Amino acid sequence: VAARIASPHPIAQTAFAGEDSLALAYVPQQNEGKLLIELRDIHTGAVTQTFGDSQNGARASVGVSADGQTLMAYTGAEDLCESCPSSHHGQLQIHSARFTLWNRTTGATLAKSPKLHILKTASESFDLNPWDIKISVRPHLEISQSGNAVLVTYPGWNEPMDIYLLHR
């Protein structure tokens with residue numbers, strides 16, 4: 001083990017950002033507000049940069065181009081369903097699924113995606129569900145090596161894969 005980096009939040013996904021940094025995306029926890037993607041120095045564990053959307057923060061999915069210069073993260077608007085019946089209380093509800101690309105060096109936003117498809121599935125509860133609650137499924141995102149494309153998939157579901165291209 002060359003380094004051990006502690007995190008104050010449950011980690012959803014990580015990616016190397018160059019040779020000396022890690023990009024960390026966190027699992028949203030109830031009442032935490034806007035989460036941000038953190039870049040941490042792999043030698044010290046210190047946060048060196050943060051990235052997020054001004055409205056929705058950033059969470060759950062992160063990727064970095066092969067050269068370490070383009071950072072991608074999920075910036076969708078979502079919450080946990082507080083008005084659902086008690087058996088479904090706290091289920092993920094996505095209102096707008098999106099991703100954002102940033103220039104890692106300058107922190108400038110390169111692009112924001114249009115709204116992505118929101119996959120909704122029936123509740124996993126086996127009891128009768130008179131409210132017909134649908135559970136949102138967060139998309140899986142992967143950035144290309146060049147940082148010019150993002151692949152959007154829904155692993156485990158029979159949904160088409162979408163490829164978004166960044167025109168620079």
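The following passage describes aromatic pairs, strand pairing and selected residue environments in a predicted model. Residues are numbered from 1 along each chain as its sequence is written, and in this predicted model local features require pLDDT of at least 70, side-chain atom pairs count only at pLDDT 80 or more, and totals for chains, interfaces and linings use all residues. Side-chain values rest on heavy atoms, with hydrogens and water left out.

A pair of aromatic rings is described by the distance of the centres and the angle of the planes. Rings of Phe, Tyr and Trp (its six-membered ring) were paired if their centres lie within 6.5 Å, with planes under 30 degrees apart counted as stacked, over 60 as edge-to-face and the rest as tilted. Two aromatic pairs result from this rule. Phe-51 and Trp-102 form a tilted pair, with 5.7 Å from centre to centre and 50° between the planes. This pair links distant parts of the chain, 51 residues apart: Phe-51 belongs to strand 4 (residues 47-51) and Trp-102 to strand 9 (residues 99-103). Strands, like helices, are DSSP runs numbered from the N terminus (E, at least two residues, for strands; H or I, at least four, for helices). Accessibility was classed by relative accessible area (buried under 20%, exposed over 50%, partly exposed in between; 1.4 Å probe, protein chains only). Phe-51 counts as buried because its relative accessibility is 4%, and Trp-102 is buried at 2%.

Phe-99 and Tyr-164 form an edge-to-face pair, at 5.6 Å centre to centre and 75° between the planes. Here too, distant parts of the chain are linked: Phe-99 lies in strand 9 and Tyr-164 in strand 15 (residues 162-165), 65 residues apart. Phe-99 is buried at 4% relative accessibility, whereas Tyr-164, with 22%, is partly exposed.

Strand pairing requires at least two DSSP bridges between two strands. One open sheet of four strands follows the order 5-6-9-10 with antiparallel pairing. Strand 5 and strand 10 (109-112) stand at its edges with a single partner strand each, so one side of each has no neighbour in the sheet. Neighbouring strands are turned against each other by 20° on average, direction ignored; axes are lines fitted to C-alpha atoms, for helices over the stretch in contact, and angles run from 0 to 180 degrees between N-to-C directions. Three bridges join the antiparallel strands 9 and 10, and Trp-102 stands opposite Thr-109 in strand 10.

Another open sheet of four strands has the order 1-2-3-4, again with antiparallel pairing. Its edge strands, strand 1 (11-16) and strand 4, each pair on one side only. The average turn between neighbouring strands of this sheet is 25°, direction ignored. Strand 1 runs antiparallel to strand 2 (residues 21-26) and is joined to it by five bridges; Leu-22 in strand 2 is the bridge partner of Phe-16.

Two polar residues were also examined. Arg-59 lies in strand 5 (residues 59-64) and is buried at 8% relative accessible area. The Arg-59 side chain reaches the backbone oxygen of Asn-56 at 2.8 Å. Contacts (heavy atoms within 4.5 Å) of Arg-59, not counting residues up to four places away in sequence, include Tyr-26, Tyr-74, Glu-78 and Arg-138. Gln-93 lies in strand 8 (residues 92-96) and is buried at 14% relative accessibility. With the exclusion of residues up to four places away in sequence, Gln-93 touches residues including Glu-78, Asp-79, Lys-120 and Lys-134.

Key. Polar contact = N/O pair within 3.5 Å; in protein donor to acceptor, adjacent residues only side chain to side chain.
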